Amino acid sequence: MAVLSGITFMNGCKGKTNQPYKLTGNVMVDGPALAQVKCTRCHALVPVNALSKNVWEKHVLPYMASFMHVSIYGSTYYKRNPADTTGVTLQEWLTLVEYYKKAAPDTLLAAKKPVPLINDWAGFTLKKPAPVNYTSFTTMVAVNPYTHKLYSADFTNSKLLGWDSNLKPDSLGTLPSPAVNVGFAKDTAGNNAGFFSCVGRLEPADFPNGKVVKVNLDAKELNNDQTFIASDLPRPQQTVFADFNKDGLQDMVICGQGKLKGGVFLLKQNRDHTYNQETIFDKPGAVQAITGDFNKDGWPDVMVLTGSGDEGLWQFLNNQKGGFTTKNLLHFPPVYGSTSFQLADFDHDGNLDLIYTCGYNYRDSRRIKPYHGLYIYTNTGDWNFKQRWFYPINGCTKAIAVDFDGDGDLDIATIAFFADMKNSPAEEFIYFEQNKPFDFKPHAIPVSQYGRWMCMEVADQNNDGKPDIILGNYSSGFMFIDSFKPNWDKKLPLIVLENHIKK
C-alpha cells in the first residue's frame, strides 16, 4: 500500500468560504486543524509525513505562503495587509509553519518493493537506430494506426521525424514548437492528417504560446501544409476527438496544463471546418484525457486527469446541449504529481478499472517520494474507485496496459522520467507481467544505459501481430539528483523493444 493513507475529497477553491478557526495555543492541535480548514480550499490535504521537514520549511511553505496572502523576507514571514483575512492571519500562518517543522519527519524512508525487480529482457529484444549528430531531446513518439508509420518530435529544433521499418529517420518538417502528442485521422479530402499538440514551453510556466496544428502527413512538404487549429494555448498536452454535439463533425477537447493558469478547452467544428473554442474546465494541470460514453446514454463524454494544484480525476458528462456537467471521481494530494491514466477491466466484472501513475517531480519538492508509482483502482460501480494494488516507482510518468504475452490478461509497461537514476536506474522502464489477477512479475528491462525515457508508445512496429514498445529519449535536462552524471547515449532519439515473448 502507499505511504499516504487514503484520498481526501473536497471542493476546490471556488465557492469555498474562509472558515474561522479559534487558536488554542497548542501547535500540535492548531496545526492540523488549520491545515484542514485552510489548505484544503484549493487542493487535497497533504499529510505532514508526505514530505521531510527540510522540504516543508525551505521549499513548500515559502511557495504556499503567497497563496495565503503572506510574504517572506529572508526567514521572516509577514502579512502584506494585516487587515486582509481572506487567506490566513499572520498568527495562523506562523502556527502552521511551526506545526510542519515539529511534526514532519526528518527524512522520508524509501518505499520497499513488494516484489523485487527481475533484471532480464522478459522476451523483448532491442532494436535501435544509428545515433544522430545532435543531442536528442525526444518529446513524442507515436505510430499512425492507419499507416503504421512511426513519428517522433524533438525539443531543440521542433522537428518532426518519420521512421521507416529499419529505423532510418527522415526529417519531415518543422512544427511551431515541440510536439508532445498527436491524434491521427483522415481529413475531409481523405489524406492522413496529424493533429499535433505543440506545447510551447516544456517546463511549467504561464506562457500561453502552445498550438494545435493540423499537418497533412501525405504532403511532400509538410512545412507548407500546416493549419493552426488553436493558438495561444497554455502548454497543451493532448488533443482528443469525438462528435460531442452529434452534428456529423469531429470536435476536439484540449488539455491545457499551464502552470497557475490553464484549462480544458472544447473546440466545436463548424461546417466550414473552422472551430469555436470554449473553456469547459477553468483549472490548470490537465495532463491527459480519454473520451467514451461513461454514463451509457449514447453521447460521448470526457475524463481528464489533472497533475498539479487540485490534482484528481474528473468526469465531464455530455449534457446533450453542447456542454458538459463536471464530476470529480478522485482527488490526489498535490505532491503526487499525477502523470497518466488508462481505463481497462482488470477484474473482468464489466466495469472499467483505473490504471494510474504519479511521479512528476520537477516542482518545489524535488525529492524521491515513496508514494510515487503505479496504482490500480477497481471500479466498484458507478465510477467509484477503490485502491487495489500499488507498486512504488520513483518518478513514474506513464503506464500502458496491454496483453503483451498473449495469455488473455493485461500486462503493464511503465516509464519513470524522474526515476532515482543514481541508485535505482532500473526503474526507468519496467514491464509488469501479470501471472494471475493482480499478481505481477516486475521485469526491469536493462535499457537505462541507452537513454532517459520521456515518452512511450505501444504498437505492432514490426508487423508480426505482437505489441512492441517504443521509447523516446529526452537525454539531458530536468535533472534533480545531486552529483549524478548520466552515462546513457545522448545521441539516440529512440529505441524499440520488439516483442518476441513466446506464449
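In strand β9, N192, G194, F196 and C198 point one way while A193, F195 and S197 point the other way, and all of them are buried. That is a good place to start looking at this predicted model, so let us stay with β9 for a moment before stepping back to the whole chain.

**β9 and its neighbours**

Strand β9 covers residues 192-198, and 7 of its 7 residues are buried, leaving the strand mostly covered. In a regular strand, side chains alternate between the two faces of the sheet. On one flank, β8 (residues 179-186) pairs with β9 in the antiparallel sense over 7 bridges. If you would like a landmark for this pairing, take G183, whose bridge partner in β9 is F195. The two strands form a hairpin with 5 residues between them, and in the turn G190 has a positive phi of about 85 degrees. β9 also pairs with β10 (residues 210-216), again antiparallel, over 6 bridges. Here A193 has N216 of β10 as its bridge partner.

**β21, another enclosed strand**

Further along the chain, how many residues of strand β21 (residues 353-358) are buried? The count is 6 of 6, so β21 is largely enclosed by the rest of the structure. Its two faces are both covered: D353, I355 and T357 lie on one side, L354, Y356 and C358 on the other, and each of these residues is buried. β20 (residues 338-344) runs antiparallel to β21, and 6 bridges join them; within this pair, S338 stands opposite C358. β21 pairs with β22 (residues 373-379) as well, in the antiparallel sense, over 5 bridges. I355 meets its bridge partner I376 in β22.

**The β1-β2 hairpin and P82**

Now for a look towards the start of the chain. Strand β1 (residues 70-73) and β2 run antiparallel and are joined by 4 bridges, with S71 standing opposite Y78. They form a hairpin with 2 residues between them, and G74 in the turn has a positive phi of about 65 degrees.

After β2 (76-79) comes the loop that leads to α3 (90-103), and P82 lies in it. Is P82 buried or exposed? Its relative accessibility is 67%, and because exposed means over 50%, P82 counts as exposed. P82 is 13 residues from H69 in sequence, and their C-alpha atoms are 9.7 Å apart in space.

The pairings described above are gathered here for easy reference.

| Strand pair | Sense | Bridges |
|---|---|---|
| β1 and β2 | antiparallel | 4 bridges |
| β8 and β9 | antiparallel | 7 bridges |
| β9 and β10 | antiparallel | 6 bridges |
| β20 and β21 | antiparallel | 6 bridges |
| β21 and β22 | antiparallel | 5 bridges |

**The whole chain**

Stepping back, the protein chain has 3 helices and 30 strands. Its C-alpha trace spans about 70 × 55 × 50 Å along the principal axes. The radius of gyration is 23 Å, which agrees with the value near 23 Å that a compact globule of 503 residues would have. Of those 503 residues, 55% count as buried. Among contacts with a separation of 6 or more, 52% come from residues 24 or more positions apart.

As for the surface, the chain exposes about 21,300 Å², with carbon and sulfur atoms supplying 50% of it. There are 50 positive and 51 negative side chains, and the centres of these two sets lie 7 Å apart.

Notes. Residues are numbered from 1 along each chain as its sequence is written. This is a predicted model: local features need pLDDT of at least 70, side-chain atom pairs count only at pLDDT 80 or more; totals for chains, interfaces and linings use all residues. Side-chain values use heavy atoms; hydrogens and water are left out. The radius of gyration is taken over C-alpha atoms; the globule rule is 2.2 Å times the number of residues to the power 0.38. Buried means under 20% relative accessible area, exposed over 50%, partly exposed in between (1.4 Å probe, protein chains only). Contact means heavy atoms within 4.5 Å. Accessible areas come from the Shrake-Rupley method with a 1.4 Å probe; for residues, only the protein chains shown count as cover. Lys and Arg count as positive and Asp and Glu as negative; His and the chain ends are not counted. The place of a charge is taken as NZ of Lys, CZ of Arg, CG of Asp or CD of Glu. Two strands pair if DSSP finds at least two bridges between them.
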